[in-house]
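Reader: I am in my first year and would like a close look at one part of this protein. Please take the place where two helices pack against each other, and then show me how that part sits in the rest of the chain.

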Amino acid sequence: MPSTSATPAPAYAGIPAAAQVTALQQVREYPAVSLLLSTTPAAVLTRADALRLDALAASAVDRLHDELQPEAALPAIRRLHHLVEQARRGPAAHGLAVYASASAESLIRLPIAVRDRAVVDPTFATRDLVRALHRTPRHLVLAFNAGHARLFDAAADTMLPALTSAFPMYRASRTPGRGRGRADRPTRAADTADFYRQVDAALGAYLRLHPAPLVLVGDERATSAFQRVSVNCGRLAGTVRGNLTATGAAELAARIRATLDAYLHHREHEALALLDKRISAGRVATGMPAAWLAARTGRPEMLIVDETLFYPARLSDDGDTLTPADDIEHPDVIDDAVDELIELVLTRGGWIAFTRPGILEQHHGVALSTRP
């Protein structure tokens, strides 16, 4: 499911549910094996990708054999082999995440590309799942004109009709006998405004149960008129021009992709603006060791991370100090402390922002703002 490729993910590419990510983050047992692999979107995993997956699995198994007694390693190895075989037979998107331990397993196809790696730690490597949630956010798409409205619940390139009986919505026929001349135009405008209010009310009811950014799809006249009467455009991610109420979901997803990309870049700018504001107030820890200590001892507000940052490290006995490590295969080394930091900040009520490579160079790739 993950990828930065311009090739759209196939329909089966999805985004891990937040509850699924949380459940994986709660696993605490050694060994917890994570395989991350970039893949080529296809109906079945390609032979080249399957060979790379096998190599990652073999690397993890060799490490388990070196570090553990056979009976201790066997449960995780059995689950790992089962998941790898399942992945080989199934479809592929832009990335693959395989998680196996003695008591847990999960196979997730991602809509973003990942750095290929095999990780053996006391916790699963979930940072790419979190990145997928933030880089390809769930959103709602309202496609409408003066007489018809459809609502979609979407994530990445997957767009499905919203699970509500309120949509699709159609404007009631005009009352028989009304005039059709110029004098009737204000009445028709009022009828259209009434219809948009009905659409907005149904949209608001859905948003209260399923909050998400909103994309409006309609011609300029319709979207402008709708926004004048709407009370539910507070999280408007953007608009797509065109009368597309009869357009298929796949084409709609393609049409709104640029709008969502612009929205995500805007979110990056918002996070950087907040970072600058907190720096002025003296409430920012820069670099992995400082951010880790601040996340443990302070009140995390926002963690902003270069999406390419990886930081193998050792953790002190008291848990407060991170020391960078080069011997990543050593059992005492956390393969990627960025994963652990993201989980810590989320657990303590903070939020995460990812940036493009190089944006945070002056902050050594990571910074944490704290609450007063």
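Author: What follows starts with the helix pair, then turns to the core, a buried loop residue, the salt bridges and the chain as a whole.

This is a predicted model, in which local features need pLDDT of at least 70 and side-chain atom pairs count only at pLDDT 80 or more, while totals for chains, interfaces and linings use all residues. Residues are numbered from 1 along each chain as its sequence is written, and side-chain values use heavy atoms, with hydrogens and water left out.

The two helices are H8 (residues 288-297) and H9 (337-347). Helices here are DSSP runs of H or I with at least four residues, strands are runs of E with at least two, and both are numbered from the N terminus. Two packed helices are described by the angle between their axes and the distance between the axes. The axes of H8 and H9 come within 10 Å and cross at roughly 25°. That makes H8 roughly parallel to H9. An axis is a line fitted to C-alpha atoms, for helices over the stretch in contact, and angles run from 0 to 180 degrees between N-to-C directions. Angles under 35 degrees count as roughly parallel, over 145 as roughly antiparallel, 65 to 115 as roughly perpendicular and the rest as oblique. The crossing of H8 and H9 is left-handed, a term used if the near helix is turned anticlockwise from the far one by less than a right angle, with right-handed used if clockwise.

Which residues meet between the two helices? From H8 they are Met288, Ala291, Trp292, Ala295 and Arg296. On the H9 side they are Ala337, Val338, Glu340, Leu341, Leu344 and Val345. Contact means heavy atoms within 4.5 Å.

Met288 is worth following further. Not counting residues up to four places away in sequence, Met288 touches Ala337, Val338 and Leu341, and also Leu309, Tyr311, Leu322 and Val366. Met288 and Leu341 also appear in the largest nonpolar core, which has 41 residues. Together with Tyr99, Leu110, Leu129 and Leu303, they touch the most other members of that core. The largest share of this core, six residues, comes from H9. A nonpolar core is a set of buried Ala, Val, Leu, Ile, Met, Phe, Trp, Tyr and Cys residues joined through side-chain atoms within 4.5 Å. Buried means under 20% relative accessible area, exposed over 50%, and partly exposed in between (1.4 Å probe, protein chains only). A second, separate core has 23 residues, including Leu37, Ala57, Val61 and Leu96.

H9 residues also take part in another set of contacts, those of Thr126. Thr126 lies in the loop between strand E4 (117-121) and helix H4 (127-135). Is Thr126 buried or exposed? Thr126 is buried, because its relative accessible area is 0%. Leaving aside neighbours within four places in sequence, Thr126 is in contact with Asp339 and Glu343, as well as Leu24, Gln25 and Tyr99.

The loop that leads into H9 holds one end of a salt bridge. Asp327 and Arg314 meet through their side chains at 2.6 Å, N to O. A salt bridge is a side-chain nitrogen of Lys or Arg within 4 Å of a carboxyl oxygen of Asp or Glu. Asp327 is in the loop between strand E14 (322-324) and H9, whereas Arg314 is in strand E13 (residues 313-315), 13 residues apart. Asp327 counts as partly exposed at 34% relative accessibility, and Arg314 as partly exposed at 28%.

Elsewhere, Arg88 in helix H3 and Asp54 in helix H2 are 34 residues apart, and their side chains form a salt bridge at 2.4 Å, N to O. A shorter link in sequence is that of Arg197 and Asp194, three residues apart in helix H5 (residues 185-209), so about one helical turn separates them. Their salt bridge is 3.1 Å, N to O. A search of the whole structure finds 16 salt bridges.

Now the whole chain. The protein chain has nine helices and 16 strands. Its C-alpha trace spans about 85 × 55 × 30 Å along its principal axes. Of its 372 residues, 52% count as buried. Among contacts between residues at least 6 apart in sequence, 69% join residues at least 24 apart.
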